[in-house]
Amino acid sequence: MNVFYHLCFVVQDIHRATTELTRVLGVEWSPMREGQLAEWSYSIVFSAGGPPFFEVIQGPAGSPWDATAGSRFDHIGYWSRDIRIDKQLLQDRGAPVEFDSCPYGRSFAYHRLDSLGIRVELVDIAVQDSFLDTWLPGGSPMPPLNLDGNRT
């Protein structure tokens with residue numbers, strides 16, 4: 001089985017969600033950050049000490065992280081050695097791209113798994129060092145998804 005590096009929750013209130021995860025499960029958090037993708041401002045935080053990590057995102061209506069219908073488990077995240085190839089492999093296996101950040105100058109894509117009501121996120125491994133610097137300074141590299149069994 002391929003190793004995922006995070007589970008993401010899209011929420012209506014990031015402070016309430018992280019406080020509850022801390023109170024109930026003892027989750028500790030890295031500092032929260034604000035981000036911008038196209039016209040969407042969002043808040044994001046990762047748990048401390050992963051992988052695997054919990055990721056919690058609060059975004060506006062109409063964004064890829066729209067939680068107006070309610071907070072939810074949203075996606076499972078994997079590193080991709082070649083996001084272009086892996087996007088095509090997931091599509092060929094029946095998981096269509098629901099949102100692709102690449103046209104916005106970013107390096108992730110969400111694929112829909114309808115039977116589960118969730119998405120799979122592919123993140124280009126080229127940004128892993130930056131991720132580690134931000135969310136887990138000094139952390140070890142994490143392995144990429146291997147969909148075809150041949151790439152090393």
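## Val11 and its contacts

Setting aside residues up to four places away in sequence, Val11 touches Ala17, Val56, Ile57, Gln58, Ala67 and Ser71. This is a predicted model, so take the contacts that follow in that spirit. Val11 itself sits in the loop that runs between strand E1 (6-10) and H1.

Is Val11 buried or exposed? Its relative accessibility is 5%, and the cut-off for buried is under 20%, so Val11 counts as buried. One of its partners is a long way off along the chain: Val11 and Ala67 are 56 residues apart in sequence, yet their C-alpha atoms are 5.6 Å apart in space. Another partner, Ala17, is one of the buried residues of H1, which brings us to that helix.

## Helix H1

H1 covers residues 14-25, which makes 12 residues. From first C-alpha to last it reaches 16 Å, close to the 16 Å you'd expect at 1.5 Å a residue.

Which residues of H1 are buried? They are Ile14, Ala17, Thr18 and Leu21. Looking down the axis of H1, you find these buried residues within an arc of 95 degrees, so they line one face of the helix. What do they pack against? The partners are strand E3 (40-46) and strand E4 (53-58). Turned away from that buried side is a face with the exposed residues His15, Arg16, Arg23 and Val24.

Both ends of H1 have something to look at. At the N-terminal end, Asp13 acts as the cap, with a side-chain oxygen 3.1 Å from the backbone nitrogen of His15. After the helix comes Gly26, and its phi is positive, near 75 degrees.

## Backbone oddities in two loops

If you're checking torsions, have a look at the loop between E3 and E4, where both Pro51 and Pro52 are placed. The Gly50 to Pro51 peptide bond is cis, with omega near 0 degrees. The bond joining Pro51 and Pro52 is cis as well, and there omega is about -5 degrees.

The loop between E2 and E3 holds Ala38. Ala38 isn't a glycine, but its phi is positive all the same, at about 55 degrees. With a relative accessible area of 36%, Ala38 is partly exposed.

## The largest pocket

How much space lies in the largest pocket? The figure is about 540 Å³. There are 24 lining residues, and those closest to the pocket's centre are Tyr42, Ile44, Arg106, Phe131 and Trp135.

Several elements give two or more residues to this lining: strand E2 (33-37), E3, E4, strand E7 (108-113), strand E8 (118-124) and helix H3 (128-135). Two of these names should ring a bell, since E3 and E4 are also what the buried residues of H1 pack against.

## A buried lysine in H2

Lys87 belongs to helix H2 (residues 83-92). Is this lysine buried or exposed? The relative accessible area of Lys87 is 13%, and under 20% means buried, so Lys87 falls in the buried class.

Which residues does Lys87 contact, leaving aside its neighbours within four places in sequence? The contacts are Val97, Asp100, Cys102, Ala109, His111 and Leu122. Among them, Ala109 and His111 fall within the residue range of strand E7 (108-113), while Leu122 falls within that of strand E8 (118-124).

Methods
Residues are numbered from 1 along each chain as its sequence is written. This is a predicted model: local features need pLDDT of at least 70, side-chain atom pairs count only at pLDDT 80 or more; totals for chains, interfaces and linings use all residues. Side-chain values use heavy atoms; hydrogens and water are left out. Helices (H or I, at least four residues) and strands (E, at least two) are DSSP runs, numbered from the N terminus. Buried means under 20% relative accessible area, exposed over 50%, partly exposed in between (1.4 Å probe, protein chains only). Contact means heavy atoms within 4.5 Å. The expected span of a helix is 1.5 Å times one less than its number of residues. The arc is that of the directions from the helix axis to the C-beta atoms. A polar contact is a pair of N or O atoms within 3.5 Å; within protein, one must be able to donate a hydrogen and the other to accept it, and residues adjacent in sequence count only if both atoms are side-chain atoms. On a 1 Å grid over the protein atoms alone, a cavity is a set of points where a 1.4 Å probe fits but cannot get out, and a pocket is an open set with protein on both sides within 12 Å along at least five of seven lines; lining residues have an atom within 4 Å of a point. Grid points are joined across faces, edges and corners, and a volume is the space filled by probe spheres set on the points.
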